Amino acid sequence: MKILQIKGKGINERQLEEVVECLRDGGIIVYPTDTVYALGCDALNNQAIERICAIKEIKSAKTNLSIICSEISEISQYAKFDNSHFRLMKPCLPGPFTFILPALSRLPKAFKGRRTVGIRIPDNDIVLAIEKELGKPLLTTSVQGPDVDYRCEPELIAETYKNSVDIVIDAGRGDVEPSTIVDCTGSEPEITRQGKGVL
């Protein structure tokens, strides 16, 4: 496992290339968002997704999975949404929200059998730069730990995941509050978890 220190102006070109090469090779990274730190991989790489599910001791077939895109226009490749959803999402993104939308079939095997996918566009330049350079969405799931510090402090996160991830991106202490989840699959949008984002 490698720790990449991100200081000042954000991720540099050399670091960006290293992270993206890791993801293209099926690697797992820990990275900052506009909420808590997250585990991520290439969301179109089924083996990498299964690695993350094994790390978190969850079953992909029984777990709600979320992806990170860099722009709203990209979402249409992986999820179905209409004009009313667009009007709801546009002022909120980038931001600390996860929107649950009907999933499209382009997503890999780990998503098969499920009808929905969570969509995030975090307000964080580091993760958006990684997603753009990769050219694919990132699978995203919050890191776990015994207390707040183990979910927010990169050094402690690295200690927890030292034997299971390839890169930890240290951009300083993360936030403690998760994203707000908005379910858009019913007749009206419904907040199913109130987090950092306020509609």
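**Exercise 1. Which element of the chain has the lowest mean pLDDT, and which the highest?**

Solution. Start by keeping in mind that this is a predicted model. Then take the chain as a whole: its average pLDDT is 93, and 98% of the residues score at least 70. Next, go element by element. Helix 6 comes out lowest, with a mean of 90. At the other end sits strand 2, residues 29-31, with the highest mean, 98. A word on reading such scores: where pLDDT is low, the predicted coordinates shouldn't be read in detail.

**Exercise 2. Describe the largest pocket: its volume, its lining and the elements that build it.**

Solution. Let's begin with the space itself. The volume of the largest pocket is about 590 Å³. Now look at the walls: 30 residues line the pocket, and those nearest its centre are Ser66, Thr141, Ser142, Ile181 and Arg193.

Where do the lining residues come from? Five elements supply at least two each: helix 2 (46-55), strand 5 (97-102), strand 6 (116-120), strand 7 (138-142) and helix 6 (148-152). Strand 7 is the top contributor, giving 4 residues.

Last step, sort the lining by class. You get 15 nonpolar residues, 11 polar ones and 4 charged ones.

**Exercise 3. Now find the cavities of 30 Å³ or more, and work out what surrounds the largest.**

Solution. First, the idea behind the search: rolling a probe the size of a water molecule over the atoms shows where empty space is left. The count here is 1 cavity of 30 Å³ or more. The largest cavity holds about 30 Å³ of space.

Next, list its lining: Asn64, Leu65, Ser66, Ile100, Thr116, Val117 and Gly118. Strand 6 gives the most, with 3 residues. By class, the lining splits into 3 nonpolar and 4 polar residues, with no charged ones.

Did you spot a familiar name? Ser66 lines this cavity, and Ser66 is also among the residues nearest the centre of the largest pocket.

**Exercise 4. Track down the aromatic pairs, then decide: are the partners buried or exposed?**

Solution. Search the whole structure and you find 1 aromatic pair. The partners are Phe97 and Phe99, with ring centres 5.8 Å apart and 20° between the planes. Angles under 30 degrees count as stacked, so this pair is stacked.

Now for burial, where the cut-off is under 20% relative accessible area. Phe97 has 4% relative accessibility, so Phe97 is buried. Phe99 is at 0%, so Phe99 counts as buried too.

Finally, place Phe99 along the chain. Phe99 belongs to strand 5. Compare Phe99 with Glu57: 42 residues separate them in sequence, and their C-alpha atoms are 24 Å apart in space.

**Exercise 5. How many disulfides are there, and where does that leave Cys92 and Cys184?**

Solution. A search of the whole structure turns up 0 disulfides. Take Cys92: the nearest cysteine sulfur belongs to Cys184 and is 9.4 Å away. A disulfide needs the two sulfur atoms within 2.5 Å, so Cys92 is in no disulfide. Turn to Cys184 and the nearest cysteine sulfur is that of Cys92, so Cys184 is in no disulfide either.

Burial is the last check. Cys92 has a relative accessible area of 12%, so Cys92 is buried. Cys184 is buried as well, with 3%.

Notes. Residues are numbered from 1 along each chain as its sequence is written. This is a predicted model: local features need pLDDT of at least 70, side-chain atom pairs count only at pLDDT 80 or more; totals for chains, interfaces and linings use all residues. Side-chain values use heavy atoms; hydrogens and water are left out. On a 1 Å grid over the protein atoms alone, a cavity is a set of points where a 1.4 Å probe fits but cannot get out, and a pocket is an open set with protein on both sides within 12 Å along at least five of seven lines; lining residues have an atom within 4 Å of a point. Grid points are joined across faces, edges and corners, and a volume is the space filled by probe spheres set on the points. Ala, Val, Leu, Ile, Met, Phe, Trp, Tyr, Cys and Pro count as nonpolar, Asp, Glu, Lys and Arg as charged, and the others, Gly among them, as polar. Rings of Phe, Tyr and Trp (its six-membered ring) pair if their centres lie within 6.5 Å; planes under 30 degrees apart count as stacked, over 60 as edge-to-face and the rest as tilted. Buried means under 20% relative accessible area, exposed over 50%, partly exposed in between (1.4 Å probe, protein chains only). pLDDT is the predictor's confidence in each residue, from 0 to 100.
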